[in-house]
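Open the model in your viewer, switch on side chains and keep the selection box handy. We will hop from one spot to the next.

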Protein chains: 2
Amino acid sequence: MGVSFGGRKNKGSAAERELLKMFWDNGWGGLRCAGSGSTRHPAPDILVSNRKRTIAFEIKATKDKSKYFPNQEIDDLRRFAGNFGAHPMIAIKFGNIGWRFINVDDLKKTDKSYAANTKLAETKGLTFKELLNL
Amino acid sequence: MGVSFGGRKNKGSAAERELLKMFWDNGWGGLRCAGSGSTRHPAPDILVSNRKRTIAFEIKATKDKSKYFPNQEIDDLRRFAGNFGAHPMIAIKFGNIGWRFINVDDLKKTDKSYAANTKLAETKGLTFKELLNL
């Protein structure tokens, strides 16, 4: 399934569905979360597990070379992961290099947000294959 | 938060939110799943964990004394739980006895569905406190 770079919301949902399918196709289980961002409890975009490792993701798809995550988004992801018992990560599908998976601790901290660009993604991020084989 | 016995969909969502809040209030983490029933991948209504135990729930709220779960719904719950690594359970809020939590293996099998009534819920089901203290 391709990721449309049209409407912001559709783009996000398509990327979430695409990534979820990749995990199911590799024997993991997972789900998209309802009302992420609109409930009083923190929730990631998708949550996946293979019975041994559980990962909570915030997901972005972008044509740009860098992407920003507001502090609140990363704080919520950490809080959810802490209570649930999941590893908090960012999944970004860049237009040029494709999917990269980055530990939240490896994001670059700015004043009001966390940032990842393609350079950081290629040095500290994992490909999907690397992520599965951790 | 009370569970309205009005529209079927609202009733379900209100019960899901109520139960999710109960888990967060007790130090668990959890989330409501998007598009449960409308995606190609199975998904429970809510998924919760306290870092040691992970439970995937199908949720109902009913004024009736019994409730039926189509075979497909329980099969999907089992499939999700198997891949993700969660314990598959049913949560029913009965009008008279309140919340009860039932292992899917304890549901009564009929031809096209699984069933639970208040008697089964009181004999084989757990209260919320019992569930937390397992």
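Start by selecting Thr54(A) and Ser49(A): their side chains make a polar contact of 3.1 Å. A polar contact here is a pair of N or O atoms within 3.5 Å; within protein, one must be able to donate a hydrogen and the other to accept it, and residues adjacent in sequence count only if both atoms are side-chain atoms. Before going on, please note that this is a predicted model, in which local features need pLDDT of at least 70 and side-chain atom pairs count only at pLDDT 80 or more, while totals for chains, interfaces and linings use all residues. Residues are numbered from 1 along each chain as its sequence is written, chains are lettered from A and ligands numbered from 1 in the order in which they are written, and side-chain values use heavy atoms, with hydrogens and water left out.

Stay with Thr54(A), which is found in strand β3 (residues 54-62) of chain A. Helices (H or I, at least four residues) and strands (E, at least two) are DSSP runs, numbered from the N terminus. Is Thr54(A) buried or exposed? Thr54(A) is buried, at a relative accessible area of 18%; buried means under 20%, exposed over 50%, and partly exposed in between (1.4 Å probe, protein chains only). Now show what touches Thr54(A): leaving out residues up to four places away in sequence, the list includes Leu47(A), Val48(A), His87(A) and, from the other chain, Phe84(B). Contact means heavy atoms within 4.5 Å.

**Next stop: Trp99(A)**

Select Trp99(A), in strand β6 (residues 98-103) of chain A. Trp99(A) counts as buried because its relative accessibility is 10%. The side chain of Trp99(A) has a polar contact of 2.8 Å with the side chain of Glu18(A). Among the other residues that Trp99(A) touches, not counting those up to four places away in sequence, are Ala15(A), Met22(A), Ile59(A) and Leu126(A). For a distance to try in the viewer, pick the C-alpha atoms of Trp99(A) and Leu132(A): these two residues are 33 apart along the chain, and the atoms are separated by 13 Å.

**Zoom out to chain A**

Colour chain A by secondary structure and you will find 4 helices and 8 strands. From the N terminus on, they run α-β-β-β-β-α-β-β-β-β-α-α. Of the 134 residues in chain A, 55% are buried.

**Where the chains meet**

Show both chains and select the contact, which takes 29 residues from chain B and 29 residues from chain A. About 2200 Å² is buried between them, with 67% of it from carbon and sulfur atoms; buried area is the accessible area (1.4 Å probe) that two parts lose on being put together, summed over both. Highlight Trp24(B), Asn83(B) and Phe84(B), which supply 30% of the area that chain B buries against chain A, more than any other three residues.

Which elements of chain B give two or more residues to the side that touches chain A? They are α1 (8-25), β1 (29-32), β2 (46-49) and α2 (71-84), and the largest share, 5 residues, comes from α2(B). By class, this side of chain B has 14 nonpolar, 10 polar and 5 charged residues. Ala, Val, Leu, Ile, Met, Phe, Trp, Tyr, Cys and Pro count as nonpolar, Asp, Glu, Lys and Arg as charged, and the others, Gly among them, as polar. Across the interface, 13 residue pairs are in polar contact (both at pLDDT 80 or more).

**Into the strands of chain B**

Select strand β3 (residues 54-62) of chain B, where 9 of the 9 residues are buried. Thr54(B), Ala56(B), Glu58(B), Lys60(B) and Thr62(B) point one way, while Ile55(B), Phe57(B), Ile59(B) and Ala61(B) point the other.

Add β2(B), which pairs with β3(B) in the antiparallel sense over 4 bridges; two strands pair if DSSP finds at least two bridges between them. Val48(B) stands opposite Ile55(B) here. In the hairpin of these strands, with 4 residues between them, look for Arg51(B), which takes a positive phi near 80°.

Then add strand β5 (residues 87-94) of chain B, which runs parallel to β3(B) and is joined to it by 8 bridges. Thr62(B) stands opposite Phe94(B) in β5(B).

**Last stop: an open sheet**

Finish with the antiparallel open sheet of 3 strands in chain B, in the order β4-β8-β7. β4 (66-70) and β7 (108-109) of chain B each have a single partner strand, so one side of each is left without a neighbour in the sheet. Between β4(B) and β8 (residues 113-117) of chain B there are 5 bridges, and Tyr68(B) has Ala115(B) as its bridge partner in β8(B).
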